[in-house]
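Student: I would like to see how the labels on this model follow from their cut-offs. Can we take them in turn?

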Amino acid sequence: MKKLIHIYFMIFVPLAILSSCTLNNQDEEVVEVQPNVILLIGDGMGLSQLSAAFYYGNTEPYFARFKEIGFINTSSAKHKITDSGAGATAFACGVKTYSGAVGLNTDSLEIPNLVEVLSGIGYNTGVISTSSVTHATPACFYAHVKSRAMQDEIASQLVDSEIDFFAGGGSNYFINRKDSTNLYPKLEKKGFLINTDIESVKPDADYKYGFLLAKDGMPTMLANRGDFLPNYTQFALEYFTQSEESFFLMVEGSQIDWAGHDNNAEYLIAELLDFDRTVGVALDYAKLKGNTLVIVLADHETGGFTLAPNDGDYSTIKPAFATTGHSTTLIPVLAYGPGANNFKGIYQNNDIYNKILDLTKK
Ligand code: MG
Ligand code: ZN
């Protein structure tokens, strides 16, 4: 990443000299900058999961701040009910594909993803996840493989990608691989610092950052994951802010889905509230800095979750599940910032890709 200071001297100083006769200080500071995009994906977060934040949180949910709201149909190319591979490929590449695919269309051809397209026009990019960073959802933003199960190969593709920042679990796929290679030296060669202590260090735009904080998925909130997701999101935003370039950051609350598969309401609500706090970090940043689009959505619903009455008693809720798999209920899309009104309405999941590029690729 290039530091902000460089562009200051390249643009503002010459501008100030050239225009000092006719323009005042305010005019000199008008520079068109492409908007930042923070895409927050609550894996498996349907409307009932999102609603749980309104009944189980101690404060008003950050979700409540959004005014621009839409719905997406998440069906894959071949099935009414999608998996996370096809679901995230739709967002990242703009195509509906087959279940399990990562960044490929139904003919298994590689389709350019948002990280490739946006880094090609000067964006810095990052992914953060509470699963392994090589899991289906984050993988679709930088990799292209036939099956989401190919996490060793996905890790190799992460090293070769344009990603500047990643955080999550999955060290096994980098240093405990079937081919016995260690990918850490390759990452360091590309300018990455690995597992920096974010409590004691301020982010430096001269480096890239990689955090692999668990062998596979991160711990659950019930097993004391703590503030990983909001804190690393905050650190990523501080990192990107030091660059003159705009950024695209994908943040995934992966385990809302895993709790749904487990039909475990306590686990689900803990993951959901953690995700909502992370949405708050993104919204606070966007409000403070401006020129930042925040989008919150899900790839699909998991568990057929609902907030049912407890034995017919309408004064208390007893969460219930209809399946241990995914469902195809329409998924809410919440947007804030420049271009947020484009996310209203009811449309297809792969339209998200074009709506993001409509704003950023000018
Ligand atoms: Mg996922
Ligand atoms: Zn799932």
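Tutor: Four donors count as tetrahedral if all angles lie between 85 and 135 degrees; four count as square planar and six as octahedral if opposite donors are over 155 degrees apart and all others between 65 and 115; anything else is irregular. This is a predicted model, in which local features need pLDDT of at least 70 and side-chain atom pairs count only at pLDDT 80 or more. Residues are numbered from 1 along each chain, and side-chain values use heavy atoms.

Student: What makes the arrangement around the zinc ion (ligand 2) irregular?

Tutor: The 4 donor atoms subtend angles of 56 to 154°. The tetrahedral range is 85 to 135 degrees, and square planar needs opposite donors over 155 degrees apart, so the arrangement is irregular.

Student: Which atoms are the protein donors of the zinc ion (ligand 2)?

Tutor: Two OD entries of Asp 257, with NE2 of His 261 and NE2 of His 326, lie 2.1 to 2.5 Å from the zinc ion (ligand 2). Donors are N, O and S atoms within 2.8 Å of the metal (3.2 Å for Na, K and Ca), and water is not among the atoms, so sites may look incomplete.

Student: Where in the chain are His 261 and His 326?

Tutor: His 261 is in helix H11 (residues 255-261) and His 326 in strand E12 (residues 326-327), 65 residues apart. Helices (H or I, at least four residues) and strands (E, at least two) are DSSP runs.

Student: Why does His 326 count as buried, and His 261 as partly exposed?

Tutor: Buried means under 20% relative accessible area, exposed over 50%, partly exposed in between (1.4 Å probe, protein chains only). His 326 has 17%, so His 326 is buried; His 261 has 29%, so His 261 is partly exposed.

Methods:
Chains are lettered from A and ligands numbered from 1 in the order in which they are written.
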